Amino acid sequence: MIRADQARGVMAAIPVEAFYLTPGAAGSLQQQIRAMVTQGILAGRFRPGSRMPSSRGLAEHLGVSRITVTLAYADLVSSDYLTSAGRSGYFVSDTAPLAPEFPQAESRAEAIDFKGLTGGRFTLVPKVERPEDWDRYPYSFIYGQADPTLFDHQNWRQCALRALGKRDFAALTTDYYERDDPLLIQELLRTILPRRGIAAREDEVLLTLGAQNALWIAATALLGPGRRAVVENPGYPAWRAIVAASGATAVPVDVDAQGLPVQGLAADVVFTTPSHQCPTNATMPVDRRVALLEAADTQGFVIIEDDYEFEMSFLKPVAPALKSLDRGGRVIYAGSFSKSVFPGLRLGYLVGPPGFIAEARALRGLMLKHPPGHIQRTMAYFLGLGHYDALVNRMKNAYRRRRQVMAEAIAAEGLEVAGQGGFGGSSFWMRAAEKVDTEALALRLRSDGVLIEPGRAFFAGDGPRNFYRLAYSSIAPQRIPEGVARIASGLARP
């Protein structure tokens, strides 16, 4: 509603100098103009009744087309941030949303030593350090990051838009409570699990916020004080932390060229990455998998199988999942779409006997009811329409080429490979001379534009410091030889 004094032009106009475009800002020009106006209103700088600059004047000031400003203004009118008074122009609406006004808070000292209270059992956990701006380094051998040149943006966007449509309104807005999107569960049962040799029913699958969330749920449900859990050494660092957080005792078992040994396992839960051992890339042969299942039956322990990166088997077909050989219901299977789609998706799943899944579902309900409905439905369409298979095939071809280039560069520079696996994957596990501290090496290499992952965090206790991991998932193949050459140069420096 326009007040009379607005129509008469009494209110002072907001100067065009109040608006400026930030180079490199996200979003289209129209979206950036909208953001400038809404932020000014919500911050209280643009008051109700204030006249906006004319569309022509703002367009000339910002160096954009007039239609861009007009469309932004029209969008703001529809959202009730602005009102239009015809030839009199646009004004900040009397009913525009306003941020609540609170007095500026004074800085406070922490009266409680929270690290002492918690024992630092979360913040002090060793982890692989990766700079947040990893993608700005020209030679980034960081594991697990996505390559935007390989991703199918257009079809993912189309699936996301379809999931926002009226026909899917219930899937988008419904509180499933402790259930999951039945369409995504159907696609998992139909297209993903059979490829691992796993036949499952709806009551044997639970969606999670990624594989790590799946492992946390499994550990919390199965472990606790007085219980023991086998951890691979070297192995996935987060699993050791999860075991410690549950109050259970972690039992490190050294892996060999075939993954986790079976002899001497004495625990309530055994964690393993049989298809693609983390971080050595070793693959557990079928006879050892059978022996592990027999040991589980004999000794009564539960196996948690993390089947990460099974999709990236481009050298030869991957062996069937350990879960596919499970006849006694002793294997809890964890998977995710983080490596095959993109890590920010944060969508994973657990597969296990109905009794376990029922407990895991109830536990998940205490943290979050279910992963966001829109993400679930988008992923269901991405799978059902065949886009996922096309993406995985494109990634396999790219990774095969990058792996070849990486192997040639490593050989040319005389670097030592400690583990590379025989099926594919996206990384090499490397060994430097015993005197080399790869954490110090990683810091030196950063100044040369190179990122590597030191290996100490993968070992339990005070493990060796001369291992490191090189991934090729997000580095362009033409940059690999120079990056490896710089690593070799860094290793040669005292």
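Colleague: Where in the chain is the place of Thr123?

Modeller: Thr123 sits in the loop that runs between helix 5 (114-118) and strand 3 (139-140). Do keep in mind that we are looking at a predicted model.

Colleague: What makes Thr123 exposed?

Modeller: Its relative accessible area is 58%. Exposed means over 50%, so Thr123 earns the word.

Colleague: And how far apart are Thr123 and Ala59, in sequence and in space?

Modeller: They are 64 residues apart in sequence, and their C-alpha atoms are 50 Å apart in space. For scale, the C-alpha atoms of the chain fill a box of roughly 90 × 55 × 55 Å along the principal axes.

Colleague: Let's turn to helix 2. How do you know that its span agrees with its number of residues?

Modeller: Helix 2 covers residues 29-42, which is 14 residues. The expected span is 1.5 Å times one less than the number of residues, so helix 2 should span 20 Å. Its end C-alpha atoms are 20 Å apart, and therefore the two agree.

Colleague: Which residues of helix 2 are buried, and what covers them?

Modeller: The buried ones are Gln32, Ile33, Met36, Val37, Thr38, Gly40 and Ile41. Their cover includes helix 3 (55-62) and helix 4 (66-78), along with strand 1 (82-84) and strand 2 (90-92). After helix 2 comes Gly44, with a positive phi near 85 degrees.

Colleague: Now the cysteines. Why is Cys159 called buried?

Modeller: Buried means under 20% relative accessible area. Cys159 has 1%, so the label applies.

Colleague: What makes Cys278 count as buried?

Modeller: The reasoning runs along similar lines: Cys278 has a relative accessibility of 7%, and that is under the 20% cut-off, so Cys278 counts as buried.

Colleague: How many disulfides does the count come to?

Modeller: Zero. A pair of cysteine sulfur atoms would have to lie within 2.5 Å to be called a disulfide.

Colleague: Happy to zoom out. How many helices and strands does the chain have, and what percentage of its residues is buried?

Modeller: There are 16 helices and 15 strands. Of the 494 residues, 49% are buried. Among contacts between residues at least 6 apart in sequence, 73% join residues at least 24 apart.

Colleague: What about the accessible surface and the charged side chains?

Modeller: The accessible surface comes to about 23600 Å², and 53% of that belongs to carbon and sulfur atoms. The chain carries 55 positive and 50 negative side chains, with the centres of the two sets 4 Å apart.

Methods. Residues numbered from 1 in each chain as written. Predicted model: local features only at pLDDT ≥ 70, side-chain atom pairs only at ≥ 80, totals over all residues. Heavy atoms only, no water. Helix = DSSP H or I, 4+ residues; strand = E, 2+ residues; numbered from the N terminus. Buried < 20%, exposed > 50% of the residue type's maximum accessible area, 1.4 Å probe, protein only. Contact = heavy atoms within 4.5 Å. Areas by Shrake-Rupley, 256 points an atom, 1.4 Å probe, with all protein chains shown as cover. Lys, Arg positive; Asp, Glu negative; His and termini not counted. Charge placed at Lys NZ, Arg CZ, Asp CG, Glu CD.
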